[in-house]
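Biologist: I should like a close look at a single part of this model, together with its surroundings. Please describe how that part is placed and paired, and then turn to the aromatic contacts found in the structure.

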Amino acid sequence: MKNVSILFVVFVLSIFNASAQLEDAWVYFSDKDNVSASLANPNTILTQKAIDRKNAHNITIDERDVPVNEAYISQVKDVDGITVLAKSKWFNAVHVRGSEAQIQGLTSLGFINTIDFADKSLNAKQMVNNKQDKQFKLESALTSFDYGDSGNQIEMFKGDVLHLEDYTGTGMTVAVLDAGFPNVNTMTSFKRLRDAGNLLGSYDFVNRDVNVYTGTASNHGTLVLSDMAGFIESDFVGTAPDASYYLFITEDASDENPVEESYWVEAAERADSLGVDVINTSLGYKDYGPNYTRYSHSDADLDGFTTYITRGANIAFEKGMLLVTSAGNSGSDGVGAPADSPNVFSIGAVNPSGEYAYFSSVGSAFQPTQKPDVVAQGFPSVVILENNNIVNANGTSFSSPIIAGGMVCLWQALPEKSNAEIMQLVRESASQYNAPDNFLGYGIPNLEMALNTALSVEHEVANNAFKMYPNPVSNKLYIELPSDDEIVSVALYDVLGKEISAYQMASYQHEINTMALSNGVYFIRVESSTISKTFKIIKQ
(Lines give C-alpha, C1' and ligand atoms only; values in the text may rest on other atoms or scores of the structure.)
Protein backbone atom coordinates (compact mmCIF):
# COMPACT_ATOMS: atom_id res chain seq x y z
CA MET A 1 0.00 0.00 0.00
CA LYS A 2 2.93 2.33 0.65
CA ASN A 3 4.08 2.13 -2.97
CA VAL A 4 0.55 2.84 -4.21
CA SER A 5 0.48 6.05 -2.17
CA ILE A 6 3.87 7.12 -3.47
CA LEU A 7 2.84 6.45 -7.06
CA PHE A 8 -0.31 8.49 -6.58
CA VAL A 9 1.63 11.45 -5.25
CA VAL A 10 4.08 11.29 -8.14
CA PHE A 11 1.21 11.03 -10.62
CA VAL A 12 -0.41 14.15 -9.22
CA LEU A 13 2.87 16.03 -9.38
CA SER A 14 3.34 14.93 -12.97
CA ILE A 15 0.28 16.96 -13.95
CA PHE A 16 2.35 20.03 -13.18
CA ASN A 17 5.72 18.65 -14.23
CA ALA A 18 5.77 16.17 -17.10
CA SER A 19 9.44 15.41 -16.47
CA ALA A 20 8.46 13.66 -13.23
CA GLN A 21 6.45 11.00 -15.06
CA LEU A 22 7.33 7.53 -13.86
CA GLU A 23 8.67 5.06 -16.38
CA ASP A 24 9.22 1.30 -16.35
CA ALA A 25 12.41 -0.22 -17.68
CA TRP A 26 14.41 -3.43 -17.74
CA VAL A 27 17.97 -2.96 -16.52
CA TYR A 28 20.38 -5.67 -17.68
CA PHE A 29 23.52 -6.50 -15.70
CA SER A 30 26.90 -7.25 -17.23
CA ASP A 31 27.78 -10.42 -15.31
CA LYS A 32 26.92 -12.80 -12.48
CA ASP A 33 28.68 -13.94 -9.33
CA ASN A 34 30.12 -17.42 -8.69
CA VAL A 35 29.01 -18.81 -12.05
CA SER A 36 31.60 -21.59 -12.29
CA ALA A 37 31.04 -22.77 -8.73
CA SER A 38 27.27 -22.75 -9.17
CA LEU A 39 27.39 -24.78 -12.40
CA ALA A 40 29.82 -27.23 -10.82
CA ASN A 41 27.37 -27.71 -7.94
CA PRO A 42 23.92 -27.25 -9.50
CA ASN A 43 22.11 -28.39 -6.36
CA THR A 44 23.05 -25.01 -4.86
CA ILE A 45 20.84 -23.20 -7.38
CA LEU A 46 18.24 -25.82 -8.41
CA THR A 47 16.18 -28.46 -6.63
CA GLN A 48 17.04 -32.08 -7.27
CA LYS A 49 13.75 -32.52 -9.14
CA ALA A 50 14.71 -29.70 -11.47
CA ILE A 51 18.13 -31.26 -12.06
CA ASP A 52 16.58 -34.68 -12.70
CA ARG A 53 14.05 -33.24 -15.17
CA LYS A 54 16.76 -31.43 -17.10
CA ASN A 55 18.98 -34.52 -17.20
CA ALA A 56 16.10 -36.71 -18.37
CA HIS A 57 15.49 -34.44 -21.35
CA ASN A 58 19.11 -33.46 -22.08
CA ILE A 59 18.53 -29.87 -20.95
CA THR A 60 21.78 -28.06 -20.28
CA ILE A 61 22.20 -26.31 -16.93
CA ASP A 62 23.83 -23.04 -17.89
CA GLU A 63 24.63 -19.53 -16.71
CA ARG A 64 20.99 -18.51 -17.03
CA ASP A 65 20.18 -20.81 -14.10
CA VAL A 66 22.54 -18.86 -11.82
CA PRO A 67 20.77 -16.23 -9.67
CA VAL A 68 21.17 -12.51 -10.23
CA ASN A 69 23.93 -10.86 -8.19
CA GLU A 70 22.08 -9.59 -5.11
CA ALA A 71 24.80 -7.02 -4.45
CA TYR A 72 24.00 -5.43 -7.81
CA ILE A 73 20.31 -5.36 -6.98
CA SER A 74 21.02 -3.71 -3.62
CA GLN A 75 23.04 -0.96 -5.30
CA VAL A 76 20.23 -0.27 -7.76
CA LYS A 77 17.72 -0.14 -4.89
CA ASP A 78 19.91 2.43 -3.11
CA VAL A 79 19.62 4.90 -5.98
CA ASP A 80 17.21 7.73 -5.10
CA GLY A 81 13.89 7.51 -6.92
CA ILE A 82 14.40 3.96 -8.20
CA THR A 83 12.11 1.11 -7.18
CA VAL A 84 13.06 -2.45 -8.06
CA LEU A 85 9.87 -4.40 -8.80
CA ALA A 86 11.09 -7.73 -10.15
CA LYS A 87 14.21 -9.63 -11.12
CA SER A 88 15.11 -12.25 -13.73
CA LYS A 89 18.03 -14.66 -13.61
CA TRP A 90 17.35 -15.78 -17.19
CA PHE A 91 17.79 -12.23 -18.49
CA ASN A 92 20.20 -11.18 -15.70
CA ALA A 93 18.03 -8.13 -15.25
CA VAL A 94 15.77 -6.22 -12.90
CA HIS A 95 12.52 -4.39 -13.64
CA VAL A 96 12.69 -0.87 -12.24
CA ARG A 97 10.41 2.14 -11.97
CA GLY A 98 11.45 5.77 -11.74
CA SER A 99 11.69 8.94 -13.80
CA GLU A 100 13.42 8.73 -17.16
CA ALA A 101 16.35 10.75 -15.83
CA GLN A 102 16.70 8.59 -12.73
CA ILE A 103 16.69 5.40 -14.77
CA GLN A 104 19.16 6.87 -17.28
CA GLY A 105 21.38 7.71 -14.33
CA LEU A 106 21.81 4.02 -13.54
CA THR A 107 24.31 3.83 -16.40
CA SER A 108 26.83 5.34 -13.99
CA LEU A 109 26.90 2.01 -12.14
CA GLY A 110 29.75 -0.02 -13.56
CA PHE A 111 27.82 -3.29 -13.78
CA ILE A 112 24.94 -2.04 -15.94
CA ASN A 113 25.02 -3.45 -19.45
CA THR A 114 21.91 -2.00 -21.12
CA ILE A 115 18.63 -0.30 -20.22
CA ASP A 116 15.42 -1.04 -22.10
CA PHE A 117 12.42 1.24 -21.48
CA ALA A 118 8.90 -0.17 -21.65
CA ASP A 119 7.94 3.02 -23.49
CA LYS A 120 9.57 2.14 -26.79
CA SER A 121 9.85 5.75 -27.90
CA LEU A 122 12.44 6.33 -25.16
CA ASN A 123 14.68 3.60 -26.50
CA ALA A 124 15.55 5.73 -29.52
CA LYS A 125 17.88 7.48 -27.09
CA GLN A 126 19.49 4.20 -26.10
CA MET A 127 21.98 1.87 -27.70
CA VAL A 128 19.44 -0.91 -27.26
CA ASN A 129 16.53 -1.72 -29.50
CA ASN A 130 14.38 -4.29 -27.77
CA LYS A 131 10.62 -4.00 -27.89
CA GLN A 132 8.46 -4.75 -24.85
CA ASP A 133 4.97 -3.87 -23.63
CA LYS A 134 1.76 -5.52 -22.66
CA GLN A 135 -1.84 -5.95 -21.93
CA PHE A 136 -3.79 -8.25 -19.74
CA LYS A 137 -7.40 -9.20 -20.20
CA LEU A 138 -8.97 -11.15 -17.37
CA GLU A 139 -11.55 -13.34 -18.99
CA SER A 140 -15.16 -13.77 -17.82
CA ALA A 141 -15.69 -15.16 -15.68
CA LEU A 142 -6.62 -45.45 -12.32
CA THR A 143 -9.72 -44.24 -11.66
CA SER A 144 -13.08 -44.32 -13.29
CA PHE A 145 -14.58 -40.91 -12.72
CA ASP A 146 -18.14 -39.66 -12.85
CA TYR A 147 -17.42 -36.33 -14.49
CA GLY A 148 -20.85 -34.81 -13.95
CA ASP A 149 -21.09 -31.32 -15.40
CA SER A 150 -17.45 -31.35 -16.53
CA GLY A 151 -17.85 -34.43 -18.72
CA ASN A 152 -18.16 -32.85 -22.16
CA GLN A 153 -15.10 -30.61 -21.84
CA ILE A 154 -12.75 -33.53 -21.15
CA GLU A 155 -14.47 -36.11 -23.33
CA MET A 156 -14.21 -33.71 -26.29
CA PHE A 157 -10.47 -34.44 -26.58
CA LYS A 158 -10.53 -37.99 -25.13
CA GLY A 159 -8.84 -36.97 -21.88
CA ASP A 160 -11.17 -39.34 -20.06
CA VAL A 161 -9.56 -42.26 -21.94
CA LEU A 162 -6.18 -41.36 -20.43
CA HIS A 163 -7.80 -41.31 -16.99
CA LEU A 164 -9.13 -44.82 -17.57
CA GLU A 165 -5.52 -45.87 -18.30
CA ASP A 166 -4.53 -44.46 -14.88
CA TYR A 167 -2.89 -41.36 -16.35
CA THR A 168 -4.36 -38.69 -14.07
CA GLY A 169 -1.27 -36.53 -13.57
CA THR A 170 0.45 -38.52 -10.82
CA GLY A 171 4.11 -37.55 -10.49
CA MET A 172 3.76 -34.48 -12.72
CA THR A 173 4.22 -30.93 -11.41
CA VAL A 174 2.28 -27.93 -12.69
CA ALA A 175 2.68 -24.20 -12.00
CA VAL A 176 -0.41 -22.05 -12.45
CA LEU A 177 0.47 -18.38 -13.10
CA ASP A 178 -2.60 -16.26 -12.57
CA ALA A 179 -4.34 -13.47 -10.64
CA GLY A 180 -5.59 -14.91 -7.35
CA PHE A 181 -6.61 -18.19 -5.72
CA PRO A 182 -9.13 -17.36 -2.98
CA ASN A 183 -10.15 -20.25 -0.71
CA VAL A 184 -8.18 -22.95 -2.53
CA ASN A 185 -6.61 -23.78 0.86
CA THR A 186 -10.04 -24.43 2.42
CA MET A 187 -12.51 -25.37 -0.36
CA THR A 188 -13.90 -28.89 -0.31
CA SER A 189 -13.46 -28.90 -4.09
CA PHE A 190 -9.68 -29.04 -3.57
CA LYS A 191 -9.69 -31.37 -0.54
CA ARG A 192 -8.51 -34.26 -2.70
CA LEU A 193 -5.60 -32.11 -3.86
CA ARG A 194 -4.63 -31.04 -0.34
CA ASP A 195 -5.08 -34.44 1.30
CA ALA A 196 -2.75 -36.03 -1.25
CA GLY A 197 -0.06 -33.46 -0.43
CA ASN A 198 -0.21 -32.19 -4.00
CA LEU A 199 -0.55 -28.48 -3.19
CA LEU A 200 3.18 -27.89 -3.08
CA GLY A 201 3.47 -24.16 -2.54
CA SER A 202 2.43 -20.66 -3.48
CA TYR A 203 3.78 -17.16 -3.94
CA ASP A 204 2.35 -13.74 -4.77
CA PHE A 205 4.97 -12.02 -6.92
CA VAL A 206 2.94 -8.81 -6.93
CA ASN A 207 2.79 -8.35 -3.16
CA ARG A 208 5.81 -10.49 -2.29
CA ASP A 209 3.84 -12.80 -0.01
CA VAL A 210 3.27 -16.56 0.19
CA ASN A 211 -0.44 -16.00 0.78
CA VAL A 212 -2.41 -16.30 -2.45
CA TYR A 213 -5.66 -17.35 -0.82
CA THR A 214 -7.04 -14.25 0.89
CA GLY A 215 -7.09 -10.53 0.20
CA THR A 216 -6.80 -11.04 -3.55
CA ALA A 217 -8.58 -8.80 -6.02
CA SER A 218 -9.56 -11.67 -8.29
CA ASN A 219 -10.89 -15.23 -8.10
CA HIS A 220 -9.63 -15.99 -11.59
CA GLY A 221 -6.90 -18.40 -10.51
CA THR A 222 -9.32 -20.46 -8.45
CA LEU A 223 -11.56 -20.98 -11.48
CA VAL A 224 -8.58 -21.82 -13.70
CA LEU A 225 -7.16 -24.29 -11.18
CA SER A 226 -10.53 -26.01 -10.84
CA ASP A 227 -10.43 -27.09 -14.49
CA MET A 228 -7.24 -29.03 -13.77
CA ALA A 229 -7.35 -30.01 -10.10
CA GLY A 230 -10.95 -29.58 -8.93
CA PHE A 231 -12.88 -32.60 -7.70
CA ILE A 232 -16.48 -32.93 -6.50
CA GLU A 233 -17.72 -36.50 -6.29
CA SER A 234 -20.11 -37.32 -9.17
CA ASP A 235 -20.32 -33.65 -10.18
CA PHE A 236 -16.92 -32.38 -11.37
CA VAL A 237 -13.43 -33.71 -12.18
CA GLY A 238 -10.51 -31.63 -13.41
CA THR A 239 -8.40 -32.84 -16.29
CA ALA A 240 -5.29 -33.59 -14.14
CA PRO A 241 -6.71 -34.24 -10.66
CA ASP A 242 -3.68 -36.11 -9.30
CA ALA A 243 -0.89 -33.79 -10.46
CA SER A 244 1.00 -31.58 -8.01
CA TYR A 245 0.62 -27.81 -8.18
CA TYR A 246 2.38 -24.56 -7.38
CA LEU A 247 0.16 -21.46 -7.38
CA PHE A 248 1.78 -18.16 -8.38
CA ILE A 249 0.17 -14.72 -8.62
CA THR A 250 1.81 -12.69 -11.38
CA GLU A 251 -1.12 -10.48 -12.41
CA ASP A 252 -1.95 -7.27 -10.54
CA ALA A 253 -5.70 -7.17 -11.10
CA SER A 254 -5.93 -3.62 -9.73
CA ASP A 255 -3.48 -1.94 -12.11
CA GLU A 256 -2.26 -2.80 -15.60
CA ASN A 257 1.44 -2.06 -16.10
CA PRO A 258 4.47 -3.66 -17.76
CA VAL A 259 5.91 -5.09 -14.56
CA GLU A 260 3.39 -7.92 -14.78
CA GLU A 261 5.40 -9.38 -17.65
CA SER A 262 8.43 -9.33 -15.37
CA TYR A 263 6.49 -10.98 -12.55
CA TRP A 264 5.57 -13.73 -15.02
CA VAL A 265 9.18 -14.33 -16.05
CA GLU A 266 10.27 -14.36 -12.41
CA ALA A 267 7.59 -16.94 -11.62
CA ALA A 268 8.60 -19.07 -14.61
CA GLU A 269 12.19 -19.02 -13.39
CA ARG A 270 11.08 -20.17 -9.96
CA ALA A 271 8.96 -22.89 -11.55
CA ASP A 272 11.99 -24.12 -13.46
CA SER A 273 14.16 -24.19 -10.35
CA LEU A 274 11.46 -26.20 -8.53
CA GLY A 275 11.32 -28.85 -11.23
CA VAL A 276 7.95 -27.89 -12.68
CA ASP A 277 6.97 -29.81 -15.80
CA VAL A 278 4.05 -27.74 -17.13
CA ILE A 279 3.07 -24.07 -16.77
CA ASN A 280 -0.47 -22.91 -17.44
CA THR A 281 -0.93 -19.22 -18.15
CA SER A 282 -4.47 -17.91 -18.50
CA LEU A 283 -3.17 -14.38 -19.03
CA GLY A 284 -2.40 -12.41 -22.16
CA TYR A 285 -0.73 -9.10 -22.94
CA LYS A 286 -1.20 -6.69 -25.83
CA ASP A 287 -3.05 -3.40 -25.12
CA TYR A 288 -2.75 -1.27 -22.01
CA GLY A 289 -5.51 0.74 -20.40
CA PRO A 290 -6.00 4.49 -20.99
CA ASN A 291 -3.24 5.53 -18.57
CA TYR A 292 -0.63 3.27 -20.17
CA THR A 293 -1.36 3.31 -23.90
CA ARG A 294 2.22 4.28 -24.71
CA TYR A 295 3.26 0.80 -23.58
CA SER A 296 0.85 -1.09 -25.82
CA HIS A 297 2.17 -3.74 -28.20
CA SER A 298 1.72 -3.34 -31.93
CA ASP A 299 0.58 -6.29 -34.01
CA ALA A 300 4.13 -6.57 -35.32
CA ASP A 301 5.41 -7.01 -31.75
CA LEU A 302 3.41 -10.24 -31.52
CA ASP A 303 5.97 -12.07 -33.65
CA GLY A 304 6.96 -14.74 -31.14
CA PHE A 305 10.27 -13.15 -30.14
CA THR A 306 9.84 -9.50 -29.20
CA THR A 307 7.89 -8.94 -25.97
CA TYR A 308 9.62 -9.49 -22.65
CA ILE A 309 7.19 -12.19 -21.52
CA THR A 310 7.46 -14.06 -24.82
CA ARG A 311 11.24 -13.98 -24.70
CA GLY A 312 11.00 -15.38 -21.18
CA ALA A 313 8.62 -18.08 -22.38
CA ASN A 314 11.10 -19.07 -25.09
CA ILE A 315 13.78 -19.58 -22.46
CA ALA A 316 11.34 -21.56 -20.30
CA PHE A 317 10.77 -23.86 -23.27
CA GLU A 318 14.52 -24.27 -23.75
CA LYS A 319 14.73 -25.23 -20.08
CA GLY A 320 12.43 -28.16 -20.82
CA MET A 321 9.08 -26.98 -19.51
CA LEU A 322 5.82 -27.30 -21.44
CA LEU A 323 3.98 -23.98 -21.61
CA VAL A 324 0.24 -23.86 -22.25
CA THR A 325 -1.50 -20.50 -22.49
CA SER A 326 -4.78 -18.87 -23.46
CA ALA A 327 -4.86 -17.46 -26.98
CA GLY A 328 -6.97 -14.56 -25.66
CA ASN A 329 -10.51 -13.22 -25.87
CA SER A 330 -9.80 -10.51 -28.43
CA GLY A 331 -11.32 -12.10 -31.54
CA SER A 332 -9.98 -10.48 -34.70
CA ASP A 333 -7.67 -8.23 -32.65
CA GLY A 334 -5.39 -11.25 -32.44
CA VAL A 335 -3.49 -13.30 -29.90
CA GLY A 336 -1.56 -11.73 -27.05
CA ALA A 337 1.83 -12.50 -25.56
CA PRO A 338 3.11 -15.08 -24.76
CA ALA A 339 0.61 -16.98 -26.94
CA ASP A 340 2.48 -15.67 -29.99
CA SER A 341 5.56 -17.76 -29.23
CA PRO A 342 6.26 -20.82 -31.40
CA ASN A 343 7.40 -22.50 -28.18
CA VAL A 344 4.11 -21.91 -26.35
CA PHE A 345 1.06 -24.11 -26.88
CA SER A 346 -1.75 -21.56 -27.26
CA ILE A 347 -5.38 -22.57 -26.83
CA GLY A 348 -8.47 -21.10 -28.47
CA ALA A 349 -12.10 -21.68 -27.52
CA VAL A 350 -15.06 -23.55 -29.02
CA ASN A 351 -18.59 -24.24 -27.82
CA PRO A 352 -19.68 -27.70 -26.56
CA SER A 353 -20.38 -28.75 -30.17
CA GLY A 354 -16.84 -27.86 -31.26
CA GLU A 355 -17.76 -24.64 -33.11
CA TYR A 356 -15.61 -21.49 -32.98
CA ALA A 357 -16.34 -19.15 -30.07
CA TYR A 358 -16.79 -15.61 -31.39
CA PHE A 359 -14.42 -14.02 -28.84
CA SER A 360 -11.51 -16.46 -29.24
CA SER A 361 -8.40 -14.64 -30.48
CA VAL A 362 -7.37 -15.52 -34.01
CA GLY A 363 -3.86 -15.98 -35.32
CA SER A 364 -2.23 -13.91 -38.03
CA ALA A 365 0.75 -13.74 -40.34
CA PHE A 366 2.68 -11.91 -37.60
CA GLN A 367 3.08 -15.20 -35.71
CA PRO A 368 5.81 -17.46 -37.09
CA THR A 369 3.78 -20.61 -36.43
CA GLN A 370 0.10 -21.56 -36.56
CA LYS A 371 -1.94 -19.82 -33.85
CA PRO A 372 -3.88 -20.86 -31.98
CA ASP A 373 -2.33 -24.30 -31.77
CA VAL A 374 -5.53 -26.13 -30.84
CA VAL A 375 -8.91 -25.42 -29.21
CA ALA A 376 -11.00 -26.71 -26.32
CA GLN A 377 -14.37 -25.96 -24.76
CA GLY A 378 -14.50 -22.35 -23.60
CA PHE A 379 -17.96 -21.10 -24.55
CA PRO A 380 -18.82 -21.94 -21.89
CA SER A 381 -16.39 -23.90 -19.74
CA VAL A 382 -17.56 -25.48 -16.50
CA VAL A 383 -15.63 -24.17 -13.47
CA ILE A 384 -15.83 -24.15 -9.67
CA LEU A 385 -16.22 -20.84 -7.82
CA GLU A 386 -14.53 -20.07 -4.51
CA ASN A 387 -17.78 -21.00 -2.72
CA ASN A 388 -17.68 -24.51 -4.28
CA ASN A 389 -20.55 -23.76 -6.68
CA ILE A 390 -20.24 -25.22 -10.18
CA VAL A 391 -21.00 -22.61 -12.84
CA ASN A 392 -20.40 -21.82 -16.51
CA ALA A 393 -17.78 -19.24 -17.50
CA ASN A 394 -16.66 -18.03 -20.92
CA GLY A 395 -13.07 -17.57 -21.99
CA THR A 396 -9.92 -19.08 -23.38
CA SER A 397 -8.75 -18.64 -19.78
CA PHE A 398 -10.53 -21.92 -19.12
CA SER A 399 -10.01 -23.78 -22.37
CA SER A 400 -6.27 -23.44 -21.66
CA PRO A 401 -6.17 -25.31 -18.31
CA ILE A 402 -8.64 -27.87 -19.63
CA ILE A 403 -6.12 -28.81 -22.35
CA ALA A 404 -3.10 -28.26 -20.09
CA GLY A 405 -4.35 -30.92 -17.69
CA GLY A 406 -4.84 -33.35 -20.55
CA MET A 407 -1.29 -32.74 -21.75
CA VAL A 408 -0.01 -33.29 -18.20
CA CYS A 409 -1.62 -36.75 -18.28
CA LEU A 410 -0.24 -37.46 -21.76
CA TRP A 411 3.29 -36.55 -20.63
CA GLN A 412 2.86 -38.77 -17.58
CA ALA A 413 2.14 -41.62 -20.01
CA LEU A 414 5.13 -40.71 -22.21
CA PRO A 415 7.84 -39.54 -19.78
CA GLU A 416 10.67 -39.98 -22.28
CA LYS A 417 9.17 -37.45 -24.65
CA SER A 418 10.38 -33.86 -24.74
CA ASN A 419 8.10 -30.85 -24.33
CA ALA A 420 8.30 -30.24 -28.09
CA GLU A 421 7.39 -33.84 -28.88
CA ILE A 422 4.33 -33.71 -26.62
CA MET A 423 3.20 -30.51 -28.33
CA GLN A 424 3.63 -32.02 -31.78
CA LEU A 425 1.81 -35.22 -30.85
CA VAL A 426 -1.18 -33.19 -29.71
CA ARG A 427 -1.15 -31.06 -32.87
CA GLU A 428 -0.99 -34.10 -35.11
CA SER A 429 -3.94 -35.68 -33.28
CA ALA A 430 -6.18 -32.65 -33.82
CA SER A 431 -9.29 -32.62 -36.01
CA GLN A 432 -7.99 -30.34 -38.78
CA TYR A 433 -4.26 -31.02 -38.65
CA ASN A 434 -4.03 -31.22 -42.43
CA ALA A 435 -5.96 -27.97 -42.97
CA PRO A 436 -5.36 -25.61 -40.03
CA ASP A 437 -6.75 -22.07 -39.90
CA ASN A 438 -6.38 -18.99 -37.71
CA PHE A 439 -9.66 -19.63 -35.87
CA LEU A 440 -9.30 -23.19 -34.59
CA GLY A 441 -5.63 -23.75 -35.35
CA TYR A 442 -5.14 -27.47 -35.82
CA GLY A 443 -8.55 -28.08 -34.27
CA ILE A 444 -9.76 -30.25 -31.38
CA PRO A 445 -7.11 -32.73 -30.16
CA ASN A 446 -7.61 -36.45 -29.62
CA LEU A 447 -5.29 -37.48 -26.78
CA GLU A 448 -6.17 -41.15 -27.14
CA MET A 449 -4.88 -40.98 -30.71
CA ALA A 450 -1.78 -39.04 -29.60
CA LEU A 451 -0.93 -41.69 -27.01
CA ASN A 452 -1.51 -44.61 -29.35
CA THR A 453 0.54 -42.98 -32.12
CA ALA A 454 3.46 -42.41 -29.78
CA LEU A 455 3.41 -45.93 -28.37
CA SER A 456 3.20 -47.41 -31.86
CA VAL A 457 6.18 -45.40 -33.10
CA GLU A 458 8.24 -46.23 -30.01
CA HIS A 459 7.59 -49.94 -30.54
CA GLU A 460 8.47 -49.59 -34.20
CA VAL A 461 11.74 -47.81 -33.49
CA ALA A 462 12.68 -50.22 -30.71
CA ASN A 463 12.14 -53.22 -32.96
CA ASN A 464 14.34 -51.66 -35.61
CA ALA A 465 17.18 -50.82 -33.22
CA PHE A 466 17.50 -47.26 -34.51
CA LYS A 467 20.36 -45.29 -32.93
CA MET A 468 21.34 -41.61 -32.92
CA TYR A 469 24.31 -40.26 -30.93
CA PRO A 470 25.82 -38.29 -29.25
CA ASN A 471 23.16 -36.03 -27.75
CA PRO A 472 24.06 -33.30 -26.86
CA VAL A 473 26.22 -33.04 -29.95
CA SER A 474 29.22 -30.84 -30.74
CA ASN A 475 30.62 -31.48 -34.22
CA LYS A 476 29.16 -34.70 -35.66
CA LEU A 477 25.86 -36.51 -35.17
CA TYR A 478 25.79 -40.22 -36.05
CA ILE A 479 22.69 -42.10 -37.17
CA GLU A 480 22.62 -45.90 -37.33
CA LEU A 481 19.95 -48.09 -38.92
CA PRO A 482 19.34 -51.80 -38.29
CA SER A 483 20.23 -52.54 -41.91
CA ASP A 484 21.04 -50.85 -45.21
CA ASP A 485 18.17 -52.44 -47.11
CA GLU A 486 16.27 -49.20 -47.75
CA ILE A 487 16.68 -45.47 -48.21
CA VAL A 488 15.80 -43.33 -45.19
CA SER A 489 14.97 -39.61 -45.32
CA VAL A 490 16.48 -37.43 -42.60
CA ALA A 491 15.63 -33.75 -42.13
CA LEU A 492 17.02 -31.23 -39.65
CA TYR A 493 14.75 -28.45 -38.33
CA ASP A 494 15.14 -25.48 -36.00
CA VAL A 495 12.69 -24.84 -33.14
CA LEU A 496 10.38 -22.91 -35.48
CA GLY A 497 9.97 -25.92 -37.73
CA LYS A 498 12.09 -24.41 -40.51
CA GLU A 499 14.02 -27.04 -42.43
CA ILE A 500 17.76 -26.43 -42.29
CA SER A 501 18.95 -29.41 -44.30
CA ALA A 502 17.77 -32.78 -45.62
CA TYR A 503 19.56 -36.04 -46.36
CA GLN A 504 18.94 -39.40 -47.98
CA MET A 505 20.57 -42.26 -46.08
CA ALA A 506 21.40 -45.27 -48.18
CA SER A 507 23.90 -46.88 -45.85
CA TYR A 508 23.97 -48.47 -42.43
CA GLN A 509 25.61 -45.46 -40.80
CA HIS A 510 25.33 -41.81 -41.65
CA GLU A 511 26.95 -38.76 -40.08
CA ILE A 512 25.74 -35.18 -40.04
CA ASN A 513 28.23 -32.36 -39.63
CA THR A 514 26.79 -30.03 -36.96
CA MET A 515 29.84 -27.82 -36.50
CA ALA A 516 28.22 -24.84 -38.27
CA LEU A 517 25.03 -24.96 -36.19
CA SER A 518 24.54 -22.37 -33.48
CA ASN A 519 24.15 -23.72 -29.96
CA GLY A 520 20.54 -24.54 -29.09
CA VAL A 521 17.66 -26.95 -29.66
CA TYR A 522 17.02 -28.68 -33.01
CA PHE A 523 14.85 -31.53 -34.27
CA ILE A 524 15.70 -34.50 -36.48
CA ARG A 525 12.90 -36.15 -38.47
CA VAL A 526 13.61 -39.70 -39.63
CA GLU A 527 11.25 -41.41 -42.08
CA SER A 528 11.22 -44.72 -43.90
CA SER A 529 8.74 -47.52 -44.46
CA THR A 530 9.39 -48.72 -40.90
CA ILE A 531 10.46 -45.57 -39.05
CA SER A 532 8.68 -42.26 -38.59
CA LYS A 533 9.89 -40.27 -35.63
CA THR A 534 11.07 -36.83 -34.54
CA PHE A 535 13.97 -36.52 -32.11
CA LYS A 536 15.16 -33.47 -30.20
CA ILE A 537 18.90 -32.79 -30.19
CA ILE A 538 20.96 -30.25 -28.27
CA LYS A 539 23.85 -28.52 -30.04
CA GLN A 540 26.60 -27.44 -27.65
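**Strand S11 and the aromatic contacts**

Modeller: Strand S11 is joined to strand S12 (residues 345-350) by three bridges, and the two strands run parallel. The model is a predicted one. Within this pairing, valine 324 has phenylalanine 345 of S12 as its bridge partner.

S11 also pairs with strand S10 (residues 278-281): four bridges join S10 to S11, again in parallel. Here threonine 325 of S11 stands opposite threonine 281. Between S10 and S11 the chain passes through helix H11 (residues 308-318), and the resulting β-α-β crossover is right-handed.

As for its surroundings, S11 spans residues 322-326 and is mostly covered, with five of its five residues buried. In a regular strand, side chains alternate between the two faces of the sheet. In S11 both faces are covered: Leu322, Val324 and Ser326 are buried on one side, and Leu323 and Thr325 are buried on the other.

I turn now to the aromatic contacts. A search of the whole structure gives 16 aromatic pairs. One of them is formed by phenylalanine 205 and phenylalanine 248, whose ring centres lie 5.5 Å apart with the planes at 90°, so this pair is edge-to-face. The two residues come from distant parts of the chain, 43 residues apart: phenylalanine 205 belongs to the loop between strand S6 (199-204) and helix H9 (220-229), whereas phenylalanine 248 lies in strand S9 (residues 244-249). Both phenylalanine 205 and phenylalanine 248 are buried.

Another pair consists of tyrosine 292 and tyrosine 295; their ring centres are 6.2 Å apart and their planes are at 20°, so the pair is stacked. The accessibility of each partner can be stated as well. Tyrosine 292 has a relative accessible area of 23% and is therefore partly exposed. Tyrosine 295 has 1% relative accessibility and so counts as buried.

Phe205 and Phe248 also belong to a cluster, in which ring pairs link them with Tyr203 and Tyr246. One ring of that cluster has a charged group over it: the charged end of arginine 270 sits over the ring of tyrosine 203, at 4.3 Å from the ring centre. A further contact of this kind involves arginine 192, whose charged end sits over the ring of phenylalanine 231 at 4.7 Å from the centre of that ring.

Conventions
Residues are numbered from 1 along each chain as its sequence is written. This is a predicted model: local features need pLDDT of at least 70, side-chain atom pairs count only at pLDDT 80 or more; totals for chains, interfaces and linings use all residues. Side-chain values use heavy atoms; hydrogens and water are left out. Buried means under 20% relative accessible area, exposed over 50%, partly exposed in between (1.4 Å probe, protein chains only). Two strands pair if DSSP finds at least two bridges between them. A crossover is right-handed if, with the strands pointing away from the viewer, the path from the first strand over the helix to the second runs clockwise. Rings of Phe, Tyr and Trp (its six-membered ring) pair if their centres lie within 6.5 Å; planes under 30 degrees apart count as stacked, over 60 as edge-to-face and the rest as tilted. A charge sits over a ring if NZ of Lys or CZ of Arg is within 6 Å of the ring centre and within 35 degrees of the ring normal.
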